[in-house]
Amino acid sequence: MPNVHDGAANPNPEQGPAAGLRFAVVVSRFNDFVTAALLDGCIDHLESNGADPDQIDIYWVPGAFEIPLAAQKCAQTGRFDAVICLGAVIEGETDHYRLVVDGAMHGIARVSLDTGVPVIFEVLATQTTALAMARAGGSAGNKGEEAAQAAIEMTRLLGTIA
Ligand code: INI
């Protein structure tokens, strides 16, 4: 029989799967009418899954392009089991938005692989403000919650790999 490992499994049902875990959330202020809603969804999900609010640190950065550096600093401290990155890049009239979201994505991926800490990418990239709002607590759910769930699962999963 194969040994199956799944970070979504909760080894201790009496406590939530996030109990005892420490999280950093790096969130960008640009388009904060979207990112603040992502942050609310993220924190709600962590806490409803047993995370202690005192074990969650939130770091605001100016824009999505600044997320990777703050995430790297968080990951390098060794204080956090996972780092969650939240941002919103909305298409404008120039290609600038594409440069911003590509920079954020590549930087975040690099931080995770370089440090071995789960670093979750939840930088929305949408054509319109309405599409971003729909994903920040609107008709398409709240991607901040999904980011929190991914952080919990990756932390649990990595703990099973020895
Ligand atoms: N930053 C965002 O987070 N979202 C955007 O949509 C955005 N646009 O479109 O320009 C944006 N730009 C700022 C960027 O992240 C940096 O803060 C800035 O370039 C300074 O480095």
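**The ligand shell and Gly87 in a predicted model**

By class, the residues that surround the ligand divide into 9 nonpolar, 6 polar and 1 charged, in a model that is predicted.

Visitor: Which residues come nearest to the ligand, and how many residues are around it in total?

Guide: There are 16 residues around the ligand, and those that come nearest are Phe30, Gly63, Ala64, Phe65 and Val89. The elements that contribute two or more residues to this shell are β3 (82-90) and α3 (96-115), and the largest share, 4 residues, is that of β3.

Visitor: Why is Gly87 called buried?

Guide: A residue is buried if 20 or more other C-beta atoms lie within 10 Å of its own; Gly87 has 29 C-beta neighbours inside 10 Å, and therefore counts as buried. Gly87 lies in strand β3 and, leaving aside residues up to four places away in sequence, touches Ser28, Thr35, Ala64, Ile67, Ala104, Val123 and Leu124. Its C-alpha atom is separated by 7.9 Å from that of Arg29, a residue 58 residues apart from Gly87 along the chain.

Visitor: How do you know what radius of gyration a compact globule with 162 residues would have, and what does the chain have?

Guide: The rule is 2.2 Å times the number of residues to the power 0.38; for 162 residues this gives a radius near 15 Å, and the chain, with 16 Å, therefore agrees with a compact globule. Along its principal axes the C-alpha trace spans about 55 × 35 × 35 Å, and buried residues make up 44% of the 162 residues in the chain.

Terms used: Residues are numbered from 1 along each chain as its sequence is written. This is a predicted model: local features need pLDDT of at least 70, side-chain atom pairs count only at pLDDT 80 or more; totals for chains, interfaces and linings use all residues. A residue is near a molecule or strand if its C-beta atom, placed from the backbone, lies within 6 Å of it. Ala, Val, Leu, Ile, Met, Phe, Trp, Tyr, Cys and Pro count as nonpolar, Asp, Glu, Lys and Arg as charged, and the others, Gly among them, as polar. A residue is buried if 20 or more other C-beta atoms lie within 10 Å of its own, exposed if 12 or fewer, and partly exposed in between; C-beta atoms are placed from the backbone. Two residues are in contact if their C-beta atoms, placed from the backbone, lie within 7 Å.
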